[in-house]
Amino acid sequence: MTLTSRRPAPAPAAARPPARRRRRARFLTPPWWFVAPALLVYAVVVLYPSIAGVVYAFTDWSGIGDRSFVGLENFRTLLHDERAVGSLRNTLLLTVAIVVVQNGIGLLLALGVHARIKSRTVLRAIFFAPAVVSPVMVAFLWKYVYNPEPGAGLNGILGAIGLGGLRQDWLGNPSLALWSVAGMVVWQYAGYSMVIFLAGLEGVPVELHEAAMIDGAGRFQRFRYVTWPLLAPALTINVMLSTIGGLKLFDQVYAATAGGPGYASETLSTVLYKEAFVFGKFGYSTAIALVLALFVAAVSLVQIGYLRRREVTS
């Protein structure tokens with residue numbers, strides 16, 4: 001006589017709790033009690049204003065009082081607004097300059113402090129320090145550096161080294177104001193890019209460099225064929241962060257030039273701010289904000305798609 005294990009018979013369907021009751025029971029478990037307050041704050045602070053902003057973009061709301069639905073009128077006005085179109089051009093130029101120069105300097109700094117020098121730890125801290133300073137403080141600091149007086153700031157340094165002919169009104173000259181703002185942004189965040197590149201350099205196996213040296217590869221060849229391909233993930237992060245930061249740049253521009261002289265350094269973010277808080281056109285400003293958000297999202301998706309493919313091929 002053999003013994004066989006007998007499985008308990010499944011409970012009848014009527015005895016099992018329905019699926020809706022099981023989902024409700026999972027939702028009421030203790031982990032959700034801890035998450036719920038944060039979700040509530042996020043919904044009130046982020047989700048509701050975002051959804052309300054999309055609604056206001058199709059109205060003529062002035063910030064107070066009633067509002068009426070105007071359809072796509074705000075977006076048509078935006079397309080024919082020369083100031084807004086000029087600010088878009090400035091934003092793109094500023095972003096390209098920041099992405100290229102900031103990441104180029106960040107990579108050079110990373111390669112420099114990655115070398116086996118005694119002061120590399122101190123240099124890393126010095127180069128990274130500006131990134132933790134408030135952007136508004138950086139703007140006021142650089143307003144002094146860009147002081148138009150002949151003996152102050154950058155002009156004073158140029159005069160002291162015999163280059164007085166290069167002295168300029170850096171923030172007051174329409175052809176220089178935008179690039180002067182780009183310079184202060186690069187100065188502040190080049191160290192931030194350096195840290196990300198350093199993390200990538202730390203992940204490059206030493207064995208690959210040793211093998212390349214045995215094969216007779218020089219320093220540049222080792223960087224080109226060994227280091228650079230393995231820095232692809234760090235490059236993706238840096239390009240994405242600097243691009244998004246450049247497209248939505250506001251603090252440094254407004255604190256240093258307020259978009260001036262004239263509209264020479266106006267960006268989409270400063271136009272958005274002035275339309276809302278100076279002219280009281282909240283409906284129009286939220287339309288600009290919506291266009292800016294969609295534009296940043298589109299550029300980011302295109303970039304990350306291209307850069308991710310580069311990571312795989314590298």
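**Close-up views of an all-helical predicted model**

The protein exposes about 19300 Å², of which carbon and sulfur atoms supply 68%. The model is a predicted one, and the legends below go from the whole chain to single residues.

**Figure 1. Overview of the protein, whose secondary structure consists of 14 helices and zero strands.** Read from the N terminus, the elements run α-α-α-α-α-α-α-α-α-α-α-α-α-α. Of the 314 residues in the protein, 35% count as buried. Among contacts with a separation of 6 or more, 67% are made by residues that lie 24 or more positions apart.

**Figure 2. Close-up of helix 6, which spans residues 135–145 and has Pro135, Val138, Ala139 and Trp142 as buried residues.** When the helix is seen down its axis, these buried residues fall within an arc of 100 degrees, and they therefore line one face of helix 6. On the other side of the helix, Met137, Phe140 and Tyr144 are exposed. The cover over the buried residues of helix 6 includes helix 8, residues 177–202, and helix 12, residues 251–256.

**Figure 3. Close-up of Ala256, a residue of helix 12.** Ala256 has a relative accessible area of 9% and is buried, a assignment that follows because the cut-off for buried is under 20%. Not counting residues up to four places away in sequence, Ala256 touches Ala139, Lys143, Leu171 and Met184; of these partners, Ala139 is itself one of the buried residues of helix 6. Ala256 and Val136 are 120 residues apart along the chain, and their C-alpha atoms are separated by 8.3 Å.

**Figure 4. Close-up of the largest pocket, in which about 610 Å³ of space lies.** The pocket is lined by 14 residues, and those closest to its centre are His114, Ala115, Arg116, His209 and Thr227. At least two residues of the lining come from each of helix 4 (82–114), helix 8, helix 9 (206–214) and helix 10 (219–230), and helix 10 gives the most, with four residues. Sorted by class, the lining of the largest pocket holds seven nonpolar, three polar and four charged residues.

**Figure 5. Close-up of Phe223, which is found in helix 10, the helix that gives the most residues to the lining of the largest pocket.** The relative accessibility of Phe223 is 23%, and the residue counts as partly exposed, because buried requires a value under 20% and exposed one over 50%. With residues up to four places away in sequence left out of the count, Phe223 touches Leu107, Leu111, Trp228 and Pro229. Phe223 and Leu111 lie 112 residues apart in sequence, while the distance between them in space, C-alpha to C-alpha, is 10.0 Å.

**Figure 6. Close-up of Thr286, whose place is in helix 14, residues 282–313.** Thr286 is buried, its relative accessible area being 17%, a value that falls under the 20% cut-off. When its neighbours within four places in sequence are left aside, Thr286 is in contact with Gly53, Tyr56 and Ala57.

Notes:
Residues numbered from 1 in each chain as written. Predicted model: local features only at pLDDT ≥ 70, side-chain atom pairs only at ≥ 80, totals over all residues. Heavy atoms only, no water. Buried < 20%, exposed > 50% of the residue type's maximum accessible area, 1.4 Å probe, protein only. Arc of directions from axis to C-beta. Contact = heavy atoms within 4.5 Å. Areas by Shrake-Rupley, 256 points an atom, 1.4 Å probe, with all protein chains shown as cover. 1 Å grid on protein atoms, 1.4 Å probe; cavity = no way out; pocket = protein on both sides within 12 Å on 5 of 7 lines; lining within 4 Å. Points joined across faces, edges and corners; volume = space filled by probe spheres on them. Nonpolar A, V, L, I, M, F, W, Y, C, P; charged D, E, K, R; others polar.
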